[in-house]
Amino acid sequence: MLTPTDDPRDDLRDGRPESAAQRADRNWADVLQEVRVLQTGTQILTGFLLALAFQPAFADLTTPQRVGYLVLVGLSALTAILALAPVALHRAVFHRGMKPAVVRFGHRALIAALTAVAVLLTGVVAFVFDVVVGAEAAVIAVVVLAAVILVLWIVGPAFLRRASGESRTGDRRAAGEKGRG
């Protein structure tokens with residue numbers, strides 16, 4: 001049977017009987033799946049943004065709207081670069097025994113990409129609402145969307161981590177008390 005490593009950065013304490021290499025392989029597969037999902041969404045948003053420039057109504061945009069549009073195109077490219085960074089790093093260090101480091105980098109790059117996606121989504125919605133309805137509606141849409149992102153992407157996961165940590169602590173205490181008795 002495989003046993004956890006002594007590396008404190010290795011989270012093998014979850015009861016899965018896998019080696020550090022197997023854990024890194026599984027975590028890398030998770031990172032790649034998340035990259036696929038994120039990249040698909042980013043490509044759709046980028047395609048939408050690029051198509052806008054070729055619409056007849058694009059000529060009617062104000063200067064601030066054009067600047068906002070170009071910022072969104074740049075942010076869309078940055079998001080794609082961030083999402084693909086783990087894959088680029090993996091290619092650069094392939095077969096060098098660095099998978100745990102690649103997984104850690106991938107995690108950080110995906111967090112950065114998700115942050116960029118949150119800003120990009122909010123910006124695209126603001127841009128569309130501004131062009132279609134007006135600046136006041138854009139502000140309302142941004143506030144609502146930012147609140148939804150905050151709750152679903154930050155508050156909800158933080159709550160789950162906290163609840164999970166409390167239950168694990170309680171489980172460990174209960175197990176320790178049983179062992180003593």
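The questions and answers below set computed values for this predicted model against the definitions behind the terms.

Because the model is predicted, local features need pLDDT of at least 70 and side-chain atom pairs count only at pLDDT 80 or more, while totals for chains, interfaces and linings use all residues. Residues are numbered from 1 along each chain as its sequence is written, and side-chain values use heavy atoms, with hydrogens and water left out.

Q: What makes up the secondary structure of the chain?
A: The chain has four helices and zero strands, where helices (H or I, at least four residues) and strands (E, at least two) are DSSP runs numbered from the N terminus. Read from the N terminus on, the elements therefore run α-α-α-α.

Q: Why are α1 and α2 called roughly antiparallel?
A: Two packed helices are described by the angle between their axes and the distance between the axes. Here the axes are lines fitted to C-alpha atoms, for helices over the stretch in contact, and the angles run from 0 to 180 degrees between N-to-C directions. Angles under 35 degrees count as roughly parallel, over 145 as roughly antiparallel, 65 to 115 as roughly perpendicular and the rest as oblique. For α1 and α2 the angle is about 155°, with the axes 9 Å apart, and the two helices are therefore roughly antiparallel to each other.

Q: How are α2 and α3 oriented, and why?
A: Helix α2 (residues 63–92) packs against α3 at an angle of about 165°, with the axes 8 Å apart, and the pair is therefore roughly antiparallel.

Q: Why is the term for α1 and α3 parallel or antiparallel?
A: The angle between α1 and α3 is about 25°, with their axes 10 Å apart, and these helices are therefore roughly parallel to each other.

Q: What is the handedness of the crossing of α1 and α2?
A: The crossing of α1 and α2 is left-handed, a term used if the near helix is turned anticlockwise from the far one by less than a right angle, with right-handed used if clockwise. A left-handed crossing is also found where α2 passes α3 and where α1 passes α3.

Q: Why is Arg 23 called buried or exposed?
A: Buried means under 20% relative accessible area, exposed over 50%, and partly exposed in between (1.4 Å probe, protein chains only). Arg 23 has a relative accessible area of 2%, so this residue is buried. Buried residues make up 26% of the 181 residues in the chain.

Q: How do you know that Arg 23 and Glu 18 meet in a salt bridge?
A: A salt bridge is a side-chain nitrogen of Lys or Arg within 4 Å of a carboxyl oxygen of Asp or Glu, and the N to O distance between the side chains of Arg 23 and Glu 18 is 2.4 Å. Glu 18, at 11% relative accessibility, counts as buried. By the salt-bridge rule the count comes to three.

Q: Which residue forms a salt bridge with Glu 18 at 2.8 Å?
A: Arg 26 does, with 2.8 Å between the closest N and O atoms, and Arg 26 is partly exposed, with a relative accessible area of 25%.

Q: What does the salt bridge of Asp 25 and Lys 99 tie together?
A: The side chains of Asp 25 and Lys 99 meet at 2.8 Å, N to O. Asp 25 lies in helix α1 (residues 20–52) and Lys 99 in helix α3, so the pair ties together parts that are 74 residues apart in sequence. Asp 25 is partly exposed at 39% relative accessible area, and Lys 99 is partly exposed at 25%.

Q: What is unusual to note about the phi of His 95, and where does this residue lie?
A: His 95 has a positive phi of about 65° although it is not a glycine. The residue is placed in the loop between α2 and α3, and His 95 is exposed, with a relative accessible area of 72%.

Q: Why does Ile 140 count as buried or exposed?
A: Ile 140 lies in helix α4, and its relative accessibility is 56%, so Ile 140 counts as exposed.

Q: Which helices each supply at least two residues of the nonpolar patch?
A: They are α3 (99–132) and α4 (135–180), and α4 gives the most, with nine residues.
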